[in-house]
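Dear colleague,

I am passing on the structure that we spoke about, and it follows directly below. After it I have set out what was found, arranged by region for someone who comes to it fresh.

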Amino acid sequence: MIRRSSRAALLLAVAGLAAGCAGYAPAPVRLEALPRRIEAARLDERPAGAPWTSANLLAAALSRNPAVAEAAAKYRTARAAAKAARIAPSITLTLTTEYAKDPSASSNWLYGAGPDIPLDVGARRGTRITSADLTAVQALYNYGEALWTVRTTLRRAIVERQAADAELVLARQWTELRRRRAERLDRRVAAGEDERALALAAHGDFNAAARRVSEALGHHATADTALAQVLGVSPAAVHDLVIMPDAAAPDLADLSARRQAAPLNRLDVLKVVIDYDLAENALRLEVAKQYPEIRLGPGYTWERGLTKLPFNLSLVLPSTDLNRAAIGQAEAKRAEVGRSLEAIQASVLGAVNQAQAALLTARASEAQVGDKDLPTAQRLAAAAARSAQAGETDKVDVLQADAAAIETRLALGDARKASALAVVDLEDGLRASFAPAETAVLDQSLKTLGATP
């Protein structure tokens with residue numbers, strides 16, 4: 001009777017465990033899914049032809065970019081691992097049976113069950129949970145870095161696209177002026193009024209201007225490709241994209257506080273801080289392993305009509321050196337990560353200083369072209385026009401002066417592009433956008449994922 005009831009209880013326990021098990025649902029990979037999705041994707045957050053701000057584009061990029069989705073998935077995995085870390089280790093259950101023929105016994109069988117229960121308490125449990133939580137925080141920082149990488153890539157693409165748009169307009173005007181001048185000089189050479197060398201030089205200028213148009217078209221196509229990649233759409237989806245002009249350039253006088261905060265608040269610095277905390281936690285665990293790990297083993301035995309309740313206490317002893325070698329290794333790792341933290345902070349400061357110096361240089365060049373060279377070229381063009389009206393010079397000189405003014409405007413566009421890219425580099429060094437609307441988009445994305453249960 002006892003044997004039957006024991007079997008029934010065991011079967012009920014097994015059935016209960018099986019009923020609570022999760023099922024498996026296959027999820028095969030479909031390699032064609034992403035390419036098809038990118039080809040079909042459209043920037044439909046705004047009406048067709050409506051201008052986009054950098055913040056609008058950033059929000060669209062964060063919602064579509066595969067790298068951002070990957071970082072978010074890794075954070076969710078880390079959060080799931082942190083939840084799993086709070087579950088106590090599995091209990092080992094050993095079932096035994098034995099047959100011995102004994103005429104004097106009421107039964108010839110022995111049945112037994114003995115669990116092995118590790119005591120999940122103290123430093124071992126605490127360090128496991130803390131390490132999992134720290135890894136989840138680090139995954140959130142990785143997600144923030146992915147957001148920032150998308151933002152920086154997008155910002156560079158916007159600068160390149162806007163510069164290419166302006167360059168293409170000026171390059172075509174420049175090419176047209178060079179063409180008209182070369183044609184006039186050809187007619188004058190044919191009439192015997194000028195030497196052939198002047199016409200050849202003019203054609204060389206025209207060819208250079210035509211090459212600038214080809215380069216501008218290439219810059220525009222490259223910028224479109226970069227925009228499409230970061231936005232998670234095809235290049236055709238961004239071909240007619242209208243992007244609003246940038247806000248005013250940042251004031252470098254306000255950089256002191258941001259520069260001081262960069263080596264303290266940048267997410268890649270905080271990731272190394274997490275590495276240090278993990279190393280500290282690993283050292284705490286190795287110290288705890290100097291002491292035996294306790295396992296409890298209550299049991300049940302039905303032996304030939306007798307019920308027994310044995311109890312075992314197991315100790316997992318430390319290594320022969322009382323874990324000193326492992327402790328030394330953990331201490332060395334902690335010191336190593338401490339040096340890594342100092343190294344990345346020094347790298348951050350260097351990057352900010354270099355970006356600031358590059359921006360100052362770019363602004364000086366922009367000021368030289370915009371405040372001195374361009375006004376001079378415009379005055380010379382105006383003077384040539386007046387001389388032509390007065391009959392002192394002909395149209396060839398006017399075309400040359402106008403082309404020189406356009407060429408100076410192209411140089412100014414190059415200088416402005418260099419300044420804008422230097423601002424992006426400075427923002428990247430600070431890990432802070434000078435556009436409040438972009439900062440709000442980034443913060444909201446980080447907060448939304450951080451609130452994931």
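A good place to begin is alanine 71, which lies in helix 4, the helix made of residues 66-85. Please keep in mind throughout that this is a predicted model. Alanine 71 has a relative accessibility of 11% and therefore counts as buried, the cut-off for that word being under 20%. Between alanine 71 and glutamine 162 there are 30 Å in space, C-alpha to C-alpha, for a separation of 91 residues in sequence.

Helix 4 also holds arginine 76, and this residue, with a relative accessible area of 43%, is partly exposed. From the C-alpha of arginine 76 to that of alanine 221 the distance is 37 Å, and the two residues stand 145 apart in sequence.

The partner of helix 4 to look at next is helix 5, since the two pack with their axes 8 Å apart and at an angle of about 170°. Because angles over 145 degrees count as roughly antiparallel, that angle makes helix 4 roughly antiparallel to helix 5. Sorted by class, the residues of this contact between helix 4 and helix 5 comprise 18 nonpolar, 2 polar and 4 charged.

Helix 5 itself covers residues 122-190, and alanine 139 is one of the residues in it. Alanine 139 is buried, as its relative accessibility is 9%. Its C-alpha atom is separated by 36 Å from that of leucine 296, which is 157 residues away along the chain.

Which residues make up the aromatic cluster? Tyr99, Trp109 and Tyr111 form one such cluster, and the structure as a whole holds 2 aromatic pairs. In the pair of tryptophan 109 and tyrosine 111, the ring centres are 6.2 Å apart and the planes meet at 15°, so this pair is stacked. Tryptophan 109 is partly exposed at 34% relative accessibility, and tyrosine 111 is likewise partly exposed, with 23% of relative accessible area.

Further along the chain comes helix 6, with 36 residues running from 196 to 231. From its first C-alpha to its last, helix 6 reaches 53 Å, which is close to the 52 Å expected at 1.5 Å a residue. The residue that follows helix 6 is glycine 232, and its phi is positive, near 70°.

The loop between strand 6 (311-316) and helix 9 deserves a careful look, and leucine 322 is found there. As general background, most residues other than glycine have a negative phi. Leucine 322, however, has a positive phi, near 55°, and asparagine 323 also has a positive one, near 65°. Asparagine 323 has its place in that loop between strand 6 and helix 9 as well. Are these two residues buried or partly exposed? Leucine 322 counts as partly exposed, at 39% relative accessibility, whereas asparagine 323, at 10%, counts as buried.

After that loop, helix 9 (residues 324-389) and helix 10 (residues 395-430) have axes that come within 8 Å and cross at roughly 165°. That angle makes helix 9 roughly antiparallel to helix 10, and the crossing of the two is left-handed. Their contact has 26 nonpolar, 6 polar and 8 charged residues.

Helix 10 has 36 residues, which at 1.5 Å a residue should span 52 Å, and its end C-alpha atoms are indeed 52 Å apart, so the expected and the computed spans agree. Just after helix 10, arginine 431 takes a positive phi of about 55°.

The last packing to mention joins helix 3 (residues 54-64) with helix 11 (residues 436-450), whose axes are 8 Å apart and lie at an angle of about 20°. This makes helix 3 roughly parallel to helix 11, since angles under 35 degrees count as such. The crossing of helix 3 and helix 11 is right-handed, while that of helix 9 and helix 10 is left-handed.

With best regards

Definitions and conventions: Residues are numbered from 1 along each chain as its sequence is written. This is a predicted model: local features need pLDDT of at least 70, side-chain atom pairs count only at pLDDT 80 or more; totals for chains, interfaces and linings use all residues. Side-chain values use heavy atoms; hydrogens and water are left out. Axes are lines fitted to C-alpha atoms, for helices over the stretch in contact, and angles run from 0 to 180 degrees between N-to-C directions. Helices (H or I, at least four residues) and strands (E, at least two) are DSSP runs, numbered from the N terminus. Angles under 35 degrees count as roughly parallel, over 145 as roughly antiparallel, 65 to 115 as roughly perpendicular and the rest as oblique. A crossing is left-handed if the near helix is turned anticlockwise from the far one by less than a right angle, and right-handed if clockwise. Ala, Val, Leu, Ile, Met, Phe, Trp, Tyr, Cys and Pro count as nonpolar, Asp, Glu, Lys and Arg as charged, and the others, Gly among them, as polar. Rings of Phe, Tyr and Trp (its six-membered ring) pair if their centres lie within 6.5 Å; planes under 30 degrees apart count as stacked, over 60 as edge-to-face and the rest as tilted. Buried means under 20% relative accessible area, exposed over 50%, partly exposed in between (1.4 Å probe, protein chains only). The expected span of a helix is 1.5 Å times one less than its number of residues.
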